[in-house]
Amino acid sequence: MFQNNFIKNEVEKIKEELIEIRRRIHENPELSMEEYETSDFIVKKLKEFGLENIEKIGKTGVVALIEGKGERCIGIRADIDALPLSENTKLPFASKKEKVCHACGHDIHITCLLGVAKILNENKDKILGKVKLIFQPAEETGVGAKYMIENKALENPVPEVIFGLHCWPNVEAGKVYHRHGEMSAASDTFKIIIEGKQGHAAHPYKAVDPIMIAGNIIVGIQNIISREVSPLESGVITISTIHGGEVINVIPKTVEIQGSIRTLSNEIREYVHKRLEEVACGIAETYRGKAIVQINKKTPNVVNEEKISNLIEKACKDILGEENYIYNPVPSMGSEDFAYYLQKIPGAMFRLGCGYKDKENYPLHSDMFNANEECITTGVISLLAIVNKLYEE
Ligand SMILES: [Zn+2]
Ligand SMILES: [Zn+2]
């Protein structure tokens, strides 16, 4: 379809324009499911670039279709929301808003996909099929991908494959960071309500102390990870809130614990859920109390589909050079709602290096996170190269 040099030249021509777009989005971040101005801006830009088939999905999602010559269809996804944090970078184009900023680089993702839109649309007569551009809200709250699917973003036409990128500050701009197989963990939450019997602090034998039970449960459930999950598999249980008691000389009636479970495989996911309930309830009963365990299944894990994952490797090595393709040896215990698309169609994600060589690189979700804009051209080039390779297959 396209020669590598053609792709690189086309992207280089619009580099300044893309940086301007990125800064405009960066200054005006919006929270999950509130991306009204962002989605209007995306639609405006797509129209400016000459796209005709643009559709708003639900409140703040956007899908655009570029129609080339064939019937095949490929999907590319960019998430568009920001985080409830006040930006601290002091950049001239830092967020204009208190407590909202693009600390996860989704401004870069939008920009890359807009760059792809412009170049593909100008060259649509050369594309051997259709390309569906999916601008998705609310990745940070884990509900956006599901919302897009429920609102038929993957229908008419159904993409045969979907892929996307995510910024990665630990790798320098100009490079991509990729792995096959498991990419990110399933993320579930839990709540344990421990019921005891209220009583006087001086007479615990007449009460059932839920705080003491909570202490044993906290220790007990960590044994699931350390003693029951193979050290070569991965699982995390984190207790992030605990509430109980109000009066210094009173044993309270209940304690409530909440936390997060991260797992990389379905097998371990189901196992940890089952054992968390058994261990918590068993300990509570042992000490004469009762535990009620609620587990909320949230985002599934992302497992890159082999064929498209290999193709991403090939396309990126081919256009960026072998030295700019870095293999990522380990999956992340973080989560990504891209997983929901993978329940419908095959796909894969890769990471886009957005770090600086000689500056401190703050992590994603830090109020100091500052993506190196040089990554934008690499992002557009790699996305285009992947579309190209997919259609050459
Ligand atoms: Zn994030
Ligand atoms: Zn993100």
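This briefing covers the domain layout, the interface between the domains and a zinc site. The model is a predicted one, and its protein chain is divided into domain 1, which takes in 4-183 + 302-392, and domain 2, which spans 186-299. Cysteine 104 coordinates both the zinc ion (ligand 2) and the zinc ion (ligand 1).

**Domains and their interface**

- The centres of domain 1 and domain 2, taken over C-alpha atoms, are separated by 39 Å.
- Contact between the two involves 11 residues of domain 1 and nine residues of domain 2, and about 710 Å² is buried between domain 1 and domain 2, with 65% of that area on carbon and sulfur atoms.
- On the side of domain 1 that touches domain 2, the residues fall by class into four nonpolar, four polar and three charged.
- Although charged residues are present on that side of domain 1, the rule finds zero salt bridges across the interface of domain 1 and domain 2.
- Two residue pairs in polar contact are found across the interface of domain 1 and domain 2, both at pLDDT 80 or more.

**Zinc site**

- The zinc ion (ligand 2) has as its protein donors Cys104 through SG, His106 through NE2 and His166 through NE2, at distances of 2.0 to 2.3 Å.
- Along the sequence, the donor residues of the zinc ion (ligand 2) follow the spacing C-x1-H-x59-H.
- A distance of 3.1 Å lies between the zinc ion (ligand 2) and the zinc ion (ligand 1), with cysteine 104 coordinating both.
- Of the donor residues of the zinc ion (ligand 2), which include Cys104 and His106, both cysteine 104 and histidine 106 are buried.

Definitions and conventions. Residues numbered from 1 in each chain as written. Chains lettered and ligands numbered in written order. Predicted model: local features only at pLDDT ≥ 70, side-chain atom pairs only at ≥ 80, totals over all residues. Heavy atoms only, no water. Domains from an automatic or database assignment. Contact = heavy atoms within 4.5 Å. Buried area = accessible area lost by both parts, 1.4 Å probe. Salt bridge = Lys/Arg side-chain N within 4 Å of Asp/Glu carboxyl O. Polar contact = N/O pair within 3.5 Å; in protein donor to acceptor, adjacent residues only side chain to side chain. Nonpolar A, V, L, I, M, F, W, Y, C, P; charged D, E, K, R; others polar. Donors = N, O, S within 2.8 Å, 3.2 Å for Na, K, Ca; no water. Buried < 20%, exposed > 50% of the residue type's maximum accessible area, 1.4 Å probe, protein only.
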